[in-house]
Amino acid sequence: MRAAGITLISIALTCAVIGNAYYQKKQFYPSVVYITKSNPSMAFFFQVIYIQGLILVFMINTFLRKIFFGNLRAAELEHLVEKAWYAVTETCLAFTVFRDDFSPKFIALFTLLLFLKSFHWLAEDRVDYMERSPVITWLFHLRVGSLLSLLFGANLTMIQYAYDSTLAKGASVQLVFGFEYAILLTVVLNITIKYVLHTIDLQSENPWDNKPVFLLYTELIIGLLKVILYVTFVMIMVRIYTLPLFAFRPMYYTMRNFKKAFHDIVMSRRAIRNMNTLYPDATPEELAAADNVCIICREEMVSASKKLPCNHIFHTACLRSWFQRQQTCPTCRLNILRPTTNTPGTRPQNQPEAGQPAPQPAQAPGANQHGQGFQIPSFWANWQAPGAAQQPQGQNNAPNVPLPPFQPLTPGGVPLFAPPFPPMVPLPPVPTPPPNLTTLSEEELRAMEGNMRQAVEARIETLQRVQLLLDAANAMMNQYQTAAATANIPVPTSIPTTTSTAETSQTKVPDLSVIKETASTSAGESPASSSNEPTPSTSRADNETRDEQEMLRRRRLQKFSSQGTAE
Amino acid sequence: MITDNLYVNIMAGSALRRLMAEYKQLTLNPPEGIIAGPINEENFFEWEALITGPEGTCFEGGVFPAKLIFPPDYPLSPPKMQFTCEMFHPNIYADGRVCISILHAPGDDPMGYESSAERWSPVQSVEKILLSVVSMLAEPNDESGANVDAAKMWREDRPEFERIAQKLVRKTLGIPC
Ligand SMILES: [Zn+2]
Ligand SMILES: [Zn+2]
């Protein structure tokens with residue numbers, strides 16, 4: 001609509017310029033000569049022509065978008081705007097290097113590039129959306145298929161053009177264009193592969209377990225291609241012009257993605273191999289003992305399921321796709337890639353329990369000392385206070401800072417850390433499982449006692465853990481103190497995020513019905529509420545909102561009960 | 001109706017099936033003060049939620065609408081959550097996006113949370129996310145810099161923070177301030 005308005009205005013302006021010339025010269029040919037000879041009117045004329053050209057391109061773009069995508073979803077539009085912003089700024093940066101090449105043709109090429117890019121982004125979003133959309137129509141396949149081949153052709157043509165032009169005229173801004181189109185070519189390739197994989201997945205009735213694996217490998221290969229392209233481009237640019245700063249942001253992201261894809265593949269392969277070789281299939285008894293629901297898909301476990309070293313049971317298929325992302329137990333976050341066999345000496349017997357039912361060999365500390373390497377008991381983990389969550393991290397990261405020990409726990413002069421808060425609240429010791437010495441062999445006992453480097457390291461590690469727990473406890477006590485000090489208002493209950501559903505449903509959350517009651521009782525009072533005693537429920541709007549919610553809920557309930565009967 | 005459901009059930013990936021299960025659970029047994037469900041039932045990957053401000057806090061009485069966008073590989077990846085009303089809170093970005101650890105997978109670390117225990121994993125659910133958001137409303141984490149101004153005000157000028165919060169509460173209820 002707006003585009004149409006601008007078009008009309010620009011056409012009117014063109015007519016005005018020509019009309020003015022014609023009025024002065026009374027003939028067409030001289031008037032054209034007049035326009036081209038008089039500088040201001042000529043410049044104006046060309047500007048109008050450019051604007052018209054741009055508008056034409058915009059309209060073609062909108063038209064094509066309608067054909068290939070129909071109406072855009074809100075999320076797609078958001079992505080489009082966000083990416084366009086980066087693309088424009090980066091290209092503008094790029095063209096500061098090529099100031100001399102600046103010309104109308106150049107602007108036209110740039111606009112074309114931008115539009116082609118936007119089509120790539122949209123195509124990617126659409127293909128990603130395939131997984132979420134329950135129904136894929138033939139129109140969708142037709143659109144995506146033709147669009148992908150069109151983009152493929154366009155990219156190849158533009159690369160060819162850039163190549164020829166560079167050969168003929170030497171290095172110019174065409175280098176940047178050629179490179180951009182080469183990157184776009186990899187993008188099209190990536191989208192096409194994804195599209196094919198999703199289509200195959202949709203054709204079969206059962207979920208296709210291997211699809212994520214293919215997707216991971218696709219990402220890896222495309223990532224590698226992109227990295228090679230970027231490195232080549234930067235090298236060429238450095239040799240011919242200068243350091244291409246504009247390419248650094250995308251290059252950084254490309255390299256990071258590549259590294260992540262590589263890491264993911266290595267880790268998930270290892271985890272899945274562990275799963276297939278080391279972990280036993282769950283027996284029917286074990287399934288019956290657990291509540292028989294796979295926590296990943298929330299469905300009953302009747303098909304193949306595996307038991308992890310931490311005794312948690314999942315569908316084999318669910319576990320496999322989870323391991324492609326992370327190599328931990330979904331329930332207790334036990335890192336399953338930690339070495340499962342340790343020499344007895346490195347394993348401190350009295351380390352604090354890591355929030356799981358039974359001590360497992362895999363839980364013994366490996367070299368990995370922070371992050372997933374060590375898990376504080378769930379009581380501490382659930383607690384979301386701001387201060388302490390940060391505190392132990394800092395200490396863990398810098399274990400070698402020698403600070404005066406605040407508690408001489410060992411004669412060995414182990415570097416310990418001053419407590420972060422001066423007042424030390426005495427706490428009952430964290431219960432530790434007593435070492436079962438009788439079951440250890442001579443050798444193991446000796447190794448435990450030994451002064452070898454491994455043993456010392458293990459001891460220090462254990463001490464650091466004790467330290468960490470103390471810090472957390474300390475911070476929590478402080479938190480309670482401040483809360484108690486400022487508690488004129490009732491202290492809001494914090495809701496643990498990782499407890500079971502049963503617990504959370506009992507946890508205190510605002511009671512809708514109570515609010516509703518206060519709303520109805522206070523409805524008669526004066527609407528002018530004072531600031532220190534907020535009574536926001538003095539309006540009917542409040543009640544209406546709640547009624548709406550009730551309606552919504554009831555409607556959904558009905559829907560479900562009807563679904564239940566349908567099945 | 002029946003054919004529709006059959007079709008959906010056949011086509012549905014595991015993400016869709018789990019979202020439907022969670023929706024059913026939330027509808028049959030809703031936690032108090034929280035309502036959530038798909039915006040329209042053609043698309044189970046975009047939900048809306050209404051969250052009541054927790055009692056005894058400056059957000060008490062407010063009804064805050066938010067939307068949740070689920071990734072195709074849910075529950076392996078966390079959803080994104082964004083308030084669709086105006087919010088002023090240390091852990092909520094100016095555009096309404098919520099920044100709490102449960103919505104981040106271990107590894108991506110916008111705010112430098114340490115413990116992976118409170119991060120996203122398939123154990124979590126929409127219900128747990130929303131309950132976490134309620135507790136976040138009650139107890140902001142002023143170390144996360146999603147909204148630096150709000151965090152600063154929460155620390156240094158609590159009365160002003162509460163005044164703004166009350167203004168927002170009234171706004172969500174459609175009461176002129
Ligand atoms: Zn499962
Ligand atoms: Zn486990």
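Are A:R465 and A:E461 buried or exposed? Both A:R465 and A:E461 are buried. They also hold on to each other: A:R465 makes a salt bridge with A:E461, with the closest N and O atoms 3.5 Å apart. The two residues share helix α15 (residues 453-485) of chain A and sit four residues apart, about one turn of the helix. Keep in mind as you look around that this is a predicted model.

**Salt bridges**

Over all chains, the count comes to 17 salt bridges. Here are three of them, with the N to O distance for each pair.

| Pair | Closest N to O distance |
|---|---|
| A:E90 and A:R249 | 2.5 Å |
| A:E124 and A:K194 | 3.8 Å |
| A:R465 and A:E461 | 3.5 Å |

Take A:E90 and A:R249. A:E90 lies in helix α4 (residues 74-97) of chain A and A:R249 in helix α9 (residues 248-277) of chain A, so this salt bridge ties together parts that are 159 residues apart in sequence. A:E90 has a relative accessible area of 16%, so it counts as buried. A:R249, at 33% relative accessibility, is partly exposed. A:R249 has another partner too: it lies over the face of A:Y86, at 3.8 Å from the ring centre.

A:E124 and A:K194 also link distant parts of the chain, 70 residues apart. You'll find A:E124 in helix α5 (residues 104-129) of chain A, and A:K194 in helix α7 (residues 174-203) of chain A. With a relative accessible area of 21%, A:E124 is partly exposed, while A:K194 is buried at 16%.

Then there's a network of salt bridges that takes in residues from chain A and chain B: A:R73, A:E76, A:R126 and B:E46.

**The zinc site**

Which residues coordinate the zinc ion (ligand 1)? The donors are A:C294 (SG), A:C297 (SG), A:H315 (ND1) and A:C318 (SG), at 2.0 to 2.3 Å. Along the sequence, these donor residues follow the spacing C-x2-C-x17-H-x2-C. The angles among the four donor atoms run from 97 to 117°, and the site is tetrahedral. Two of the donors can be checked for burial: A:H315 is buried, with a relative accessible area of 7%, and A:C318 is buried as well, at 13%.

As for annotation, UniProt lists residues 294-333 of chain A as "domain: RING-type", in an unreviewed entry. In the model, the end C-alpha atoms of that span lie 15 Å apart, and the span is 20% helix and 15% strand.

**Rings in chain B**

Searching the whole structure turns up 17 aromatic pairs over all chains. In one of these, the rings of B:F64 and B:F83 have centres 6.5 Å apart and planes at 90°, so the pair is edge-to-face. B:F64 belongs to strand β3 (residues 63-69) of chain B and B:F83 to strand β4 (residues 80-83) of chain B, so the contact ties together parts 19 residues apart in sequence. Both are tucked away: B:F64 is buried at 0% relative accessible area, and B:F83 is buried at 2%.

B:F88 and B:F161 make a tilted pair, 5.7 Å centre to centre with 40° between the planes. B:F88 is in the loop between β4 and α3 (126-138) of chain B, and B:F161 is in helix α5 (residues 158-173) of chain B, so this pair ties together parts 73 residues apart in sequence. B:F88 and B:F161 are buried.

Ring pairs also join B:Y23, B:F44, B:W47, B:F70, B:Y74 and B:W120 into a cluster. Finally, B:R97 lies over the face of B:Y93, 4.4 Å from the ring centre.

How values were computed
Residues are numbered from 1 along each chain as its sequence is written. Chains are lettered from A and ligands numbered from 1 in the order in which they are written. This is a predicted model: local features need pLDDT of at least 70, side-chain atom pairs count only at pLDDT 80 or more; totals for chains, interfaces and linings use all residues. Side-chain values use heavy atoms; hydrogens and water are left out. UniProt positions are given in the numbering used here, feature names are shortened, and annotations may be inferred rather than shown by experiment. Rings of Phe, Tyr and Trp (its six-membered ring) pair if their centres lie within 6.5 Å; planes under 30 degrees apart count as stacked, over 60 as edge-to-face and the rest as tilted. Buried means under 20% relative accessible area, exposed over 50%, partly exposed in between (1.4 Å probe, protein chains only). A charge sits over a ring if NZ of Lys or CZ of Arg is within 6 Å of the ring centre and within 35 degrees of the ring normal. Donors are N, O and S atoms within 2.8 Å of the metal (3.2 Å for Na, K and Ca); water is not among the atoms, so sites may look incomplete. Four donors count as tetrahedral if all angles lie between 85 and 135 degrees; four count as square planar and six as octahedral if opposite donors are over 155 degrees apart and all others between 65 and 115; anything else is irregular. A salt bridge is a side-chain nitrogen of Lys or Arg within 4 Å of a carboxyl oxygen of Asp or Glu.
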